[in-house]
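Work through the exercises below with the sequence and the model at hand. Each task is followed by a solution in steps.

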Amino acid sequence: MSCGTPVVAATDVGGVKEVVDHGVSGWLSAMDDLGAFVTNVKHALFDGDLARRYGEAARRIAVERFRSQRRRRALRGALREDLGRRSS
């Protein structure tokens, strides 16, 4: 996603749904729906405008979500370090 590539996922279970927005940054298929997966792959391969739009959205989403996660981790680490020094 961060490279601007839309996602075609063969399953919509687990954490995939939290990262990929179906119809925005890529395509998700039900786990047992091979026909939907094949259709999604065809869209990605043969509908260049749609794939480009999804790829651009994927990039924006990846940058926004993961940048904020990095900041939260850095802040948490700094707070732990500071609290560790105070308790010593």
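**Exercise 1: a surface patch**

L79 is placed in helix α3 (helices are DSSP runs of H or I with at least four residues, strands runs of E with at least two, numbered from the N terminus). The model is predicted: local features need pLDDT of at least 70, side-chain atom pairs count only at pLDDT 80 or more, and totals for chains, interfaces and linings use all residues. Residues are numbered from 1 along each chain as its sequence is written, and side-chain values use heavy atoms, with hydrogens and water left out.

Task: determine whether L79 is buried, partly exposed or exposed.

Solution. The relative accessible area of L79 is 47%. Buried means under 20%, exposed over 50%, and partly exposed in between (1.4 Å probe, protein chains only). L79 is therefore partly exposed.

**Exercise 2: an aromatic pair**

Task: find the aromatic pair and classify its geometry.

Solution. A search of the whole structure gives 1 aromatic pair. The ring centres of W27 and Y54 are 4.6 Å apart with planes at 45 degrees, so the pair is tilted (rings of Phe, Tyr and Trp, the last by its six-membered ring, pair if their centres lie within 6.5 Å; planes under 30 degrees apart are stacked, over 60 edge-to-face, the rest tilted). The pair joins distant parts of the chain, 27 residues apart: W27 is in strand β2 (residues 26-28) and Y54 in helix α3 (residues 48-87). W27 is buried at 4% relative accessible area, and Y54 is buried at 11%.
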